[in-house]
Amino acid sequence: MTEGTTSAAAEGDTLTRLEQEGEIAADYLEGLLDIADLDGDIDMDVEADRAAVSIISDSGGRDLQKLVGRDGEVLEALQELTRLAVHRETGDRSRLMLDIAGFRAKKREELSELGAKAAAEVKSSGEPVKMAPMTPFERKVVHDAVKAAGLRSESEGEEPQRFVVVLPA
């Protein structure tokens, strides 16, 4: 086997594993929706080497907002429960991302803008900018936006007060 063939096979194995994670998560979430008597369609994808599962609704998602909760707290808990369900089936730790009613997609856009603004502020002032405490998901999005702006950032503090510091070049 050549090196290219080996990496292509490994890539295929990874994709298959992530698709399996998505299937397990979808089954778990279908059961949860049935128990809660909520309507929602489940969409699965693989994004950035993670299984991504979304629950969407044709009816505007009002009922699904219950599964998002205040500031996404219920969504975070459901994501952890879903990861545990995947772990129970596969024996492997899952980095699956769950979105409900587009909450994370909208949050990602807002945080990308926030990260870009912080990067612009650092570029103009030359001083580091400390941001408010964020969840791991939120920090990751901000780190990505700062990197895209050509700067670097790091996380500081302890959970749940961990925050991003955007640093000058």
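Here is a short conversation about the predicted model shown above.

Student: Before we start, what kind of model is this, and what is left out of side-chain values?
Tutor: This is a predicted model, in which local features need pLDDT of at least 70 and side-chain atom pairs count only at pLDDT 80 or more, while totals for chains, interfaces and linings use all residues. Residues are numbered from 1 along each chain as its sequence is written, and side-chain values use heavy atoms, leaving out hydrogens and water.

Student: How many Å separate the centres of domain 1 and domain 2?
Tutor: Domain 1 covers 4-101 and domain 2 covers 106-167; such bounds come from an automatic or database domain assignment. Taken over C-alpha atoms, the separation of the two centres is 26 Å.

Student: Which residue in β2 is the bridge partner of Asp41?
Tutor: Helices (H or I, at least four residues) and strands (E, at least two) are DSSP runs, numbered from the N terminus. Strand β1 (residues 41-47) pairs with strand β2 (residues 50-56) in the antiparallel sense over seven bridges, where pairing requires that DSSP finds at least two bridges between the strands. In β2, the partner of Asp41 is Ile56.

Student: Is Ala48 buried or exposed?
Tutor: Ala48 sits in the loop between β1 and β2, and has a positive phi of about 50° although it is not a glycine. Buried means under 20% relative accessible area, exposed over 50%, and partly exposed in between (1.4 Å probe, protein chains only). With a relative accessible area of 72%, Ala48 is exposed.

Student: And how should I class Gly22, buried or exposed?
Tutor: Gly22 is found in helix α1. Leaving aside neighbours within four places in sequence, Gly22 is in contact (heavy atoms within 4.5 Å) with Met44, Ala51 and Val53. Because its relative accessibility is 5%, Gly22 counts as buried.

Student: Which element supplies the largest share of the largest nonpolar core?
Tutor: A nonpolar core is a set of buried Ala, Val, Leu, Ile, Met, Phe, Trp, Tyr and Cys residues joined through side-chain atoms within 4.5 Å. The largest one has 17 residues, of which Ile55, Leu67, Leu98 and Ile100 touch the most other members. At least two residues of this core come from each of α1 (3-36), β2, α2 (65-68), α3 (73-90) and β3 (97-100). The largest share, four residues, comes from α1.

Student: How much space lies in the largest pocket?
Tutor: On a 1 Å grid over the protein atoms alone, a pocket is an open set of points where a 1.4 Å probe fits, with protein on both sides within 12 Å along at least five of seven lines; lining residues have an atom within 4 Å of a point. Here 21 residues line the largest pocket, and Arg50, Arg95, Met97, Phe137 and Lys140 lie nearest its centre. Grid points are joined across faces, edges and corners, and a volume is the space filled by probe spheres set on the points. For the largest pocket, the space is about 520 Å³.

Student: Which residue does a cis peptide bond join to Glu159?
Tutor: Most peptide bonds are trans. The bond from Glu159 is cis, with omega of about 0°. Its partner lies in the loop between β5 (152-156) and β6 (163-167), and is Pro160.
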